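Let's take a friendly walk through this model together, from charged pairs to aromatic rings and on to the interior. Please have the viewer open as you read.

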Amino acid sequence: FSYTNNNTSHSHLRMSSIEEQEQERQVETWKVKKLIKQLQDARGNGTSMISLIVPPDKQISQIQKMLSEEYGTASNIKSRVNRLSVLDAITSTQQRLKLYSKVPTNGLVIYCGTVVTADNKTKKKTIDFEPFRPINTSLYLCDNKFHTEPLNELLEANDKFGFVVMDGNGALWGTLCGNAREVLHTVSVDLPKKHRRGGQSAARFSRLRTEKRHNYLRKVAELTTQFFISNDRPNVTGLILAGSADFKTELSQSDLFDQRLAPKIMKIVDVPYGGESGFNAAIEMSQDCLANVKFIHEKKVIDEFFEQISKDTGKYTFGVTETLNAMEMGSVETLVVWENLDVTRYTMRNIATGEVIEKILTPEQAKDPKQFHDEETGVQLEVEEEPLLDWLAINYKRFGCKIEFITDKSQEGSQFVKGFGGIGGILRYRVDMDTIQTYLEVDDEWDDLDDFI
């Protein structure tokens, strides 16, 4: 593939702050997935590969002390080669720790050791970073592989769900993110029972009871908005309403309930009690729908892409060249890309003329040496390479579009990868590919005119 890059910036097409946060989260999630794969593929000789995960509540001095003790223990390893490798890895980890005066807000992850490369050579590898959300696991392991299990937990904790648990005694608001549950607020209520006390007329008692229930519903609805709406938008992926009796159903159907949250209701569950016990029961009873959220979102994105094609709206593009050209034009609203797309972006410079060209090549195309020589003179070009996915993750904002990383694990995802090359775009307006090509050619002519002037 090749495409024209006019270095156009369409960053003026701004997203809201919540959309930006969601996009950053998607990109960070993809980066961690990619890192996990790289770490899992790495293998070493002996037990010289260190996995160190430090939660936010630990002190750097504690970790340095622990590593010093481990150094003393490792000095007794009988195998000389393994002993030196382990000691070297511990020393490198200690040096990397010195770059931090304190543990970052979300914790610290360090992987360090000597890995065996594909051509059976050894290479030292050290990775350190602050995770994109708090990591509460504490881990130190010396092994012949890197341990990535805690990073998988980061990915599982990708979505935050809101819970409202209410019954005749009160209500609770909470969130669930991965395995971390948090109670945001609780209120108690004293509602009249169904049977009136002596001396009250039936009509008056009924009116008072209805009024108190209404006020209770109003209060719950207001607090639900307060906790789960930020900047005029829901701040949770989904909402679970739970409790005994009919309160939860009344809340969902009431005019008092914020209509911005209505589409977020994923499930209404019966639990025999309220409070924290009810919260725990609601989490347990909602596991099925919570697990499907990622696939539901993915299906929604790809279904929208397929709908544009089936209706022949012209508001779609697919294939590497076509999609990148549409991005240059600023017409892509949502970039849809397979998280394992295996193509590389090459920037090539002719040292003699200074001319710079860019090519997007598959691994098969990159095997051809002609790709890296000047077509006319045969001169070898100076080459810089970067996985296209990495480049897109860094640069998508420049083109004013959102980015959606999808898997091939769902039926829709698999169809998108196999049938459409794993990359495409949902466009802001109808565009045909000839128009895009004309736009790019005109832009090139203006560039040539600038050179002439």
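Which side chain does Lys-65 meet in a salt bridge? The partner is Glu-69, at 3.0 Å from N to O. A salt bridge here is a side-chain nitrogen of Lys or Arg within 4 Å of a carboxyl oxygen of Asp or Glu.

A word on the ground rules before going on. This is a predicted model, in which local features need pLDDT of at least 70 and side-chain atom pairs count only at pLDDT 80 or more, while totals for chains, interfaces and linings use all residues. Residues are numbered from 1 along each chain as its sequence is written, and side-chain values use heavy atoms, with hydrogens and water left out.

**The overall picture**

The protein has 13 helices and 18 strands. These are DSSP runs numbered from the N terminus, with helices being H or I of at least four residues and strands E of at least two. Of the 453 residues, 44% are buried. Buried means under 20% relative accessible area, exposed means over 50%, and partly exposed is in between (1.4 Å probe, protein chains only). The protein exposes about 24400 Å², and carbon and sulfur atoms supply 48% of that area; the areas come from the Shrake-Rupley method with a 1.4 Å probe, and for residues only the protein chains shown count as cover. Taking contacts between residues at least 6 apart in sequence, 71% join residues at least 24 apart, where contact means heavy atoms within 4.5 Å.

**Salt bridges**

Side chains of opposite charge can pair when their charged atoms come close. The count for this model is 19 salt bridges, including these three:

| Salt bridge | Closest N to O |
|---|---|
| Lys-65 and Glu-69 | 3.0 Å |
| Asp-258 and Arg-260 | 2.7 Å |
| Glu-364 and Lys-367 | 3.4 Å |

Lys-65 and Glu-69 sit four residues apart in helix H2 (residues 60–74), about one turn of the helix. An α-helix has 3.6 residues a turn, so residues three or four places apart point the same way. Lys-65 counts as exposed because its relative accessibility is 54%, and Glu-69, at 46%, counts as partly exposed.

Asp-258 counts as buried, with 12% relative accessibility, whereas Arg-260 is partly exposed at 36%. Together with Asp-232, these two residues are linked in a network of salt bridges. In the remaining pair of the table, both Glu-364 and Lys-367 are exposed.

**Aromatic pairs**

How many aromatic pairs does a search of the whole structure find? It finds 13. Phe-305 and Phe-416 form one that is edge-to-face, with 5.3 Å from centre to centre and 85 degrees between the planes. This pair links distant parts of the chain, as Phe-305 lies in helix H9 (residues 293–310) and Phe-416 in helix H12 (residues 411–420), 111 residues apart. For the cut-offs, rings of Phe, Tyr and Trp (its six-membered ring) pair if their centres lie within 6.5 Å; planes under 30 degrees apart count as stacked, over 60 as edge-to-face and the rest as tilted. Both Phe-305 and Phe-416 are buried, and they belong to one aromatic cluster with Phe-306, Phe-318 and Phe-420.

**Inside the protein**

Why is helix H10 (residues 320–329) described as largely enclosed by the rest of the structure? Nine of its 10 residues are buried, so the description fits. Among them are Val-320, Leu-324, Asn-325 and Glu-328. Gly-330, which follows H10, has a positive phi near 85 degrees.

Thr-224, in helix H5 (residues 202–228), is buried, with a relative accessible area of 0%. Its side chain makes a polar contact of 3.0 Å with the side chain of Trp-173, and the Thr-224 side chain also reaches the backbone oxygen of Val-220 at 2.7 Å. A polar contact is a pair of N or O atoms within 3.5 Å; within protein, one must be able to donate a hydrogen and the other to accept it, and residues adjacent in sequence count only if both atoms are side-chain atoms. Leaving aside neighbours within four places in sequence, Thr-224 is in contact with residues including Val-164, Leu-239 and Phe-257.

**Two loops**

Asn-120 has a positive phi, near 70 degrees, in a residue other than glycine. This asparagine, Asn-120, is in the loop between strand S2 (108–116) and strand S3 (122–129), and counts as exposed at 65% relative accessibility. Asn-231 also is not a glycine, yet has a positive phi of about 50 degrees. Asn-231 lies in the loop between strand S8 (229–230) and strand S9 (233–234) and is exposed, with a relative accessible area of 58%.
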